[in-house]
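Notebook open, coffee poured. I want to go through burial, overall build and how the chains pair up.

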Protein chains: 2
Amino acid sequence: MKHALSVTREQDFAAWYQAVVSEADMAEESGVRGCMVIRPWGYGVWERIQYLLNQRIKQTGHDNCYFPLFIPLSYFAKEAEHVDGFAKEMAVVTHHRLKAENGTLVPDPDARLEEPLVVRPTSETVIGTAFSRWVQSWRDLPVLINQWANVVRWEMRTRMFLRTTEFLWQEGHTAHASRDEAVAETLTMLDVYRDFAEQALAMPVIAGEKPENERFPGAEATYSIEAMMQDGKALQAGTSHFLGQNFARAQNIRFQDKEGEHAFAWTTSWGVSTRMIGGVIMVHGDDDGLRLPPVIAPQQIVIVPMLRDQPEDEALLDYCRDIADDLNAQTAFGEPLRATVDAKATKAATKRWNWVKRGAPLIVEIGGRDLAAGNVTVLRRDRLYDDAGKLASRAEARADFIAGAAALLDDIQASLHGEARARLNANIRRGITDFDGVEAFFRDGGKFPGWVELNWARPTGQALEKVDARLKALKLTIRNAPRDAAPAEGACVFTGEPAVERILVGRAY
Amino acid sequence: MKHALSVTREQDFAAWYQAVVSEADMAEESGVRGCMVIRPWGYGVWERIQYLLNQRIKQTGHDNCYFPLFIPLSYFAKEAEHVDGFAKEMAVVTHHRLKAENGTLVPDPDARLEEPLVVRPTSETVIGTAFSRWVQSWRDLPVLINQWANVVRWEMRTRMFLRTTEFLWQEGHTAHASRDEAVAETLTMLDVYRDFAEQALAMPVIAGEKPENERFPGAEATYSIEAMMQDGKALQAGTSHFLGQNFARAQNIRFQDKEGEHAFAWTTSWGVSTRMIGGVIMVHGDDDGLRLPPVIAPQQIVIVPMLRDQPEDEALLDYCRDIADDLNAQTAFGEPLRATVDAKATKAATKRWNWVKRGAPLIVEIGGRDLAAGNVTVLRRDRLYDDAGKLASRAEARADFIAGAAALLDDIQASLHGEARARLNANIRRGITDFDGVEAFFRDGGKFPGWVELNWARPTGQALEKVDARLKALKLTIRNAPRDAAPAEGACVFTGEPAVERILVGRAY
């Protein structure tokens with residue numbers, strides 16, 4: 001069977017991913033090392049993510065603010081683990097002016113900064129400094145804030161959306177009067193991410209705690225949501241950190257409690273980024289391109305008139321625009337439905353395949369015959385072909401289609417989620433009791449083996465480093481200890497000691 | 001009469017401005033040179049601006065995208081005027097890693113970039129490079145895009161919102177097949193800005209063309225909207241540039257036209273920034289703090305229960321929350337009304353004055369007596385005092401207040417706009433026919449003189465430089481040539497030649 005992309009997932013998953021990013025007009029190389037241009041269709045998906053996640057962040061009591069892009073070096077020096085974690089990937093501003101020299105531009109030596117500025121890789125230090133001004137008494141707590149921003153982490157090998165030098169994200173930062181409250185906040189936001197991934201992105205995830213060696217630099221505990229890509233690899237799609245009092249000490253976030261005693265606050269931070277879009281592509285895409293869950297599709301229904309550059313085109317366009325208006329007056333997922341007419345002067349077949357590649361959930365082609373019969377011809381992007389391998393487009397009375405459109409979008413959303421959920425469930429192997437079994441699973445598991453769920457004793461320090469090294473030799477990492485896993489049983493796969501929890505292990509992006 | 005701020009506009013306008021920014025919780029110094037922290041209330045205003053302006057940008061056919069923060073030096077070198085205009089204020093990234101040295105962190109000399117990167121001061125060059133990839137044929141035109149982003153221009157003297165090293169803005173960039181179409185686009189967006197400022201910000205502005213010497217570096221024509229602050233100074237609140245083919249030549253944006261000929265595209269760019277918030281403060285603020293137009297107020301109605309830390313508080317809070325729910329079910333300005341209850345454990349009077357300083361359009365105080373009588377006590381922020389100088393709060397039946405709330409907000413919006421429009425109209429002096437008259441006006445015009453409208457011959461080059469120098473000596477600049485000014489008459493105030501248009505001259509931020 002011929003497909004719209006020149007490479008299939010089976011042939012070369014990495015090349016397929018790049019093909020989707022490019023053919024679906026999601027993003028492109030910018031010419032600036034490690035930075036991408038997010039094109040309108042890709043940015044439209046990000047706008048949908050922002051809009052929907054922002055609602056959830058506000059509903060849980062957080063306010064948005066904005067903090068500086070630049071952070072003085074000295075702010076970083078205060079939290080030792082934090083700086084160790086980020087120093088190797090920081091972009092550093094050293095000058096504030098250019099001058100012409102021998103016909104080219106160079107940083108002006110007279111405009112060298114006394115203290116270099118780091119372009120934020122994350123904002124705990126600069127936001128913590130603000131918290132130290134804002135928080136004096138228990139009455140000022142909790143502080144619950146979020147920002148939508150760009151951040152920079154210098155990457156040597158980049159992949160669009162998944163790992164770029166600059167990326168877009170939201171970072172939440174909170175301060176609390178007690179450990180319990182801060183832990184509860186960390187888990188609340190983890191659950192917001194889990195729910196958002198499942199409901200909005202139709203992307204099933206497993207929420208759990210990261211092992212000690214995978215914690216955010218400076219955190220006491222890091223939680224993640226992990227999604228399974230179609231190549232069986234894991235994608236960490238969001239993290240939530242309990243920072244204990246580490247940053248409060250470093251940034252001096254202190255308050256007077258109800259009893260008049262001074263104490264350090266307890267802080268958290270949590271974020272998701274444009275990386276999520278990479279996850280959507282690798283969870284839902286197929287060999288014809290992207291398939292977007294309707295909830296996050298910039299356009300849910302695209303109407304393609306089969307224009308012939310003839311006077312009759314006008315009537316056809318009117319018919320299409322009327323249908324779009326009727327659709328846009330409907331509600332889908334509690335919001336106005338999003339339908340548009342692609343009236344470009346391009347061949348209808350080219351437009352159809354463009355929208356297939358971009359993953360518009362419903363593509364409606366309308367020609368003269370449809371107009372005459374009062375019909376529309378509908379193509380579901382998630383079920384493109386019939387059993388015979390032919391395009392499964394179906395003529396339907398216009399009124400019926402409009403009346404059923406919202407339900408159809410519901411069905412597509414549920415169907416994409418169900419498909420991905422079934423894949424995740426089917427590709428986690430349980431019951432392996434020793435490391436040989438782990439090795440055999442990833443050796444014999446085929447091209448896209450999936451993950452294993454293992455019982456372990458939660459070793460720490462050097463014992464954990466040994467585990468990590470054994471796994472790394474197989475290109476594996478511990479993803480997380482799922483919060484809803486069954487109780488541990490038997491012996492630790494790594495140490496033989498009694499197991500205390502279950503962890504997921506797999507290859508990862 | 002005593003006011004909520006410690007300094008009045010009359011006493012010290014600059015100090016008053018800083019007091020409002022601070023007391024209204026809009027923004028604060030960040031500790032990072034020239035960069036501010038935008039606090040939740042200030043960022044809430046920006047979110048309203050983004051939401052409403054974004055709708056207008058999309059309605060006029062533009063799509064949002066995202067382009068890199070970093071721009072290679074070589075991109076700038078291609079447009080000579082452009083680089084001259086910005087080279088002196090560019091933050092330059094020269095290293096991508098830090099290392100520890102003698103116990104402190106320093107940029108790692110082994111991680112020096114081969115080509116330094118500029119933190120974008122504006123994105124014509126990097127977006128133009130993308131356009132050159134996107135545009136091949138007339139069918140690819142027009143390209144109509146926009147991005148919401150942070151930009152950096154190194155400033156020596158900064159003022160919150162008005163002039164900061166980093167600021168937030170939107171920048172639109174378009175490419176067209178013809179000069180006429182690009183000019184039309186430039187003027188369409190100027191009008192979008194004018195309408196937005198008037199309707200959303202209740203900020204009257206004058207739209208017109210900048211003189212040659214005030215053009216955007218590399219532009220063929222620059223248009224602006226200019227607002228009058230309460231100290232009579234002008235604030236340039238938005239600009240729209242017709243770039244001709246200058247950037248198309250520099251970035252090689254070429255297309256094949258319908259006749260098969262190759263031609264350079266015609267481009268435009270246009271932007272507004274967080275500076276607008278400074279304008280809102282200086283147009284609408286009074287000696288009690290900020291007054292926010294309801295359309296852009298993060299909360300339009302704030303309900304302050306007079307809590308006494310007694311069991312009765314619960315009934316009072318329920319009453320307040322019911323009212324807020326009823327209000328939030330109303331529509332104001334075509335959107336759901338925004339009302340909230342301030343249930344903080346702070347004295348009611350303190351909370352009232354906090355909301356006065358923040359400029360919430362309606363403040364509703366509710367005590368036990370109101371609850372018993374089924375009343376609310378309402379304070380209009382735009383008419384805080386009665387004729388006797390007492391707080392003009394007024395008791396009203398709850399149901400009446402709810403039924404009339406949206407109309408009341410309409411009235412506040414119109415009233416703020418009307419007040420500012422009357423001030424603008426009253427403070428533009430026409431009929432001055434020679435430069436002595438200009439000098440006299442600004443010498444004798446009192447503390448806040450306003451602007452003059454002058455007939456001029458539109459000199460260029462050195463003649464314009466002379467005009468500029470004479471004005472600068474009086475701390476004056478040409479703001480713009482209003483598009484809706486009366487036809488020119490008489491002689492040029494500067495050169496004596498026959499006048500060809502009218503210009504506005506004033507002091508400016």
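I call a residue buried under 20% relative accessible area, exposed over 50% and partly exposed in between, with a 1.4 Å probe and protein chains only. By that count, 60% of the 509 residues of chain A are buried.

Ground rules: this is a predicted model, where local features need pLDDT of at least 70, side-chain atom pairs count only at pLDDT 80 or more, and totals for chains, interfaces and linings use all residues. Residues are numbered from 1 along each chain as its sequence is written, chains are lettered from A and ligands numbered from 1 in written order, and side-chain values use heavy atoms, without hydrogens and water.

Next I looked up the extent of chain A. Its C-alpha trace spans about 80 × 65 × 55 Å along the principal axes.

Then the core. A nonpolar core is a set of buried Ala, Val, Leu, Ile, Met, Phe, Trp, Tyr and Cys residues joined through side-chain atoms within 4.5 Å. The largest one holds 88 residues, and among the members touching the most others are Trp134(A) and Trp134(B). I checked contacts (heavy atoms within 4.5 Å) for Trp134(A): leaving out residues up to four places away in sequence, its partners include Cys65(A) and Ile145(A), plus Glu28(B), Val37(B) and Arg39(B) from chain B.

Last, the pairing. I superposed by least squares on C-alpha atoms of residues with pLDDT of at least 70 in both copies. Chain A lands on chain B with an RMSD of 0.0 Å after a turn of 180° and a shift of 0.0 Å along the axis. That is a two-fold relation. Val93(A) has the chain A C-alpha nearest the axis, 2.1 Å away. The copies meet through the same surface, because 100% of the interface residues of chain A are also interface residues in chain B.
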